[in-house]
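Subject: A structure for you to look at

Hello,

Here is the structure I promised to pass on to you. Please open it next to this email and follow along as you read.

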Amino acid sequence: CPVPENNETFTELLKHKNVIIERIVSSDKIIPFQQQHPQDEWVILLKGKATLAMDEKIITLQAGDYLFIPSNKKHTVSSTESGSFWLAVHIL
C-alpha cells in the first residue's frame, strides 16, 4: 500500500452485518483532530508507531499493540510514523 504524503488513507476491506474492517495507512504528517465514533472500534497497529490521546492519557502504540475504543469515546491520533499500517474493526 502506498504511504500518503499527508494524513492517512482509509480503505474498507469488509462490510458484513454489524462489522466493518478497514485498512489505515498513515504518513508522518498528520493533523491531529479529536474523533468520536458512534460504534465500538478495535484497532491493531501492524507496522510502525503511533501516539493517541484518550481519557486524558497518552497512549503509545508499536507494531503488535492493539486498543479498544468504546463508542462515543473522544480520542485523538496525535502522531504516526510514516508507513504505519493499521487494521480497524468497527462494531455497529
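Let's begin with a question: which residues does Leu52 touch, not counting residues up to four places away in sequence? Keep in mind as you look that this is a predicted model. The answer is Lys57, Ile58, Ile59, Leu61, Leu67, Thr76, Val77, Ser78 and Trp86.

**The nonpolar core**

Several of those names come back when we turn to the largest nonpolar core. That core has 14 residues, and Leu52, Leu61, Leu67 and Trp86 are the ones that touch the most other members. At least two residues each come from E4, E5, strand E6 (57-62), E7 and E9. The biggest contributor is E5, which gives three residues.

**The strands and how they pair**

A little background first: strands of a sheet pair through backbone hydrogen bonds, and they can do so in a parallel or an antiparallel way.

In this model there is an open sheet of four strands, with the order E3-E8-E5-E6 and antiparallel pairing. Its edge strands are strand E3 (34-35) and E6, each of which pairs on one side only. Within this sheet, E5 and E6 run antiparallel and are joined by six bridges. If you want one pair to find on screen, try Met54, whose bridge partner in E6 is Lys57.

Next, look at E1 and E2. These two strands pair in the antiparallel sense over eight bridges. They form a hairpin with two residues between them, and Lys17 in the turn has a positive phi of about 50°. Two facing pairs will help you get your bearings: Phe10 stands opposite Ile24 in E2, and Leu14 stands opposite Ile21 in E2.

E2 also pairs with E9: the two run antiparallel, and eight bridges join them. Here you can look for Ser26, which stands opposite Ser84 in E9.

**Two residues to compare**

Is Leu45 buried or exposed? Leu45 is found in strand E4, and it counts as buried because its relative accessible area is 0%, with the cut-off for buried set at under 20%. Leaving out residues up to four places away in sequence, Leu45 touches Ala50, Leu61, Gln62, Ala63, Gly64, Asp65, Ser84, Phe85 and Trp86. Leu45 also shows how folding brings distant parts of a chain together: Leu45 and Ala88 are 43 residues apart along the chain, yet their C-alpha atoms are separated by 8.8 Å.

Now turn to Lys49, which lies in strand E5 (residues 49-54). Lys49 has a relative accessibility of 45%, so it counts as partly exposed. Setting aside its neighbours within four places in sequence, Lys49 is in contact with Leu61, Gln62, Ser79, Thr80, Glu81 and Ser84. Its C-alpha is 7.4 Å from that of Thr60, a residue 11 places away in sequence.

**The largest pocket**

How many residues line the largest pocket? There are 19, and those nearest its centre are Glu8, Phe10, Ile24, Gln35 and Val77. The elements that each give two or more residues to this lining are strand E1 (8-16), strand E2 (19-26), strand E4 (40-47), strand E8 (75-80) and strand E9 (84-91). By type, the lining residues divide into 11 nonpolar, five polar and three charged. The volume of the pocket is about 320 Å³. Phe10 and Ile24 may look familiar, as they are the pair that stand opposite each other in E1 and E2.

**Two unusual backbone angles**

Most residues other than glycine have a negative phi. With that in mind, have a look at two asparagines. Asn7 has a phi near 60°, a positive value. Asn7 lies in the segment before E1 and is partly exposed, with a relative accessible area of 30%.

The other is Asn72, whose phi is positive too, near 65°. Asn72 sits in the loop between strand E7 (66-69) and E8. With a relative accessible area of 47%, Asn72 is also partly exposed.

Happy exploring, and do write back with any questions.

Best wishes

Terms used
Residues numbered from 1 in each chain as written. Predicted model: local features only at pLDDT ≥ 70, side-chain atom pairs only at ≥ 80, totals over all residues. Heavy atoms only, no water. 1 Å grid on protein atoms, 1.4 Å probe; cavity = no way out; pocket = protein on both sides within 12 Å on 5 of 7 lines; lining within 4 Å. Points joined across faces, edges and corners; volume = space filled by probe spheres on them. Nonpolar A, V, L, I, M, F, W, Y, C, P; charged D, E, K, R; others polar. Buried < 20%, exposed > 50% of the residue type's maximum accessible area, 1.4 Å probe, protein only. Pairing = 2+ DSSP bridges. Contact = heavy atoms within 4.5 Å. Core = buried A, V, L, I, M, F, W, Y, C linked by side-chain atoms within 4.5 Å.
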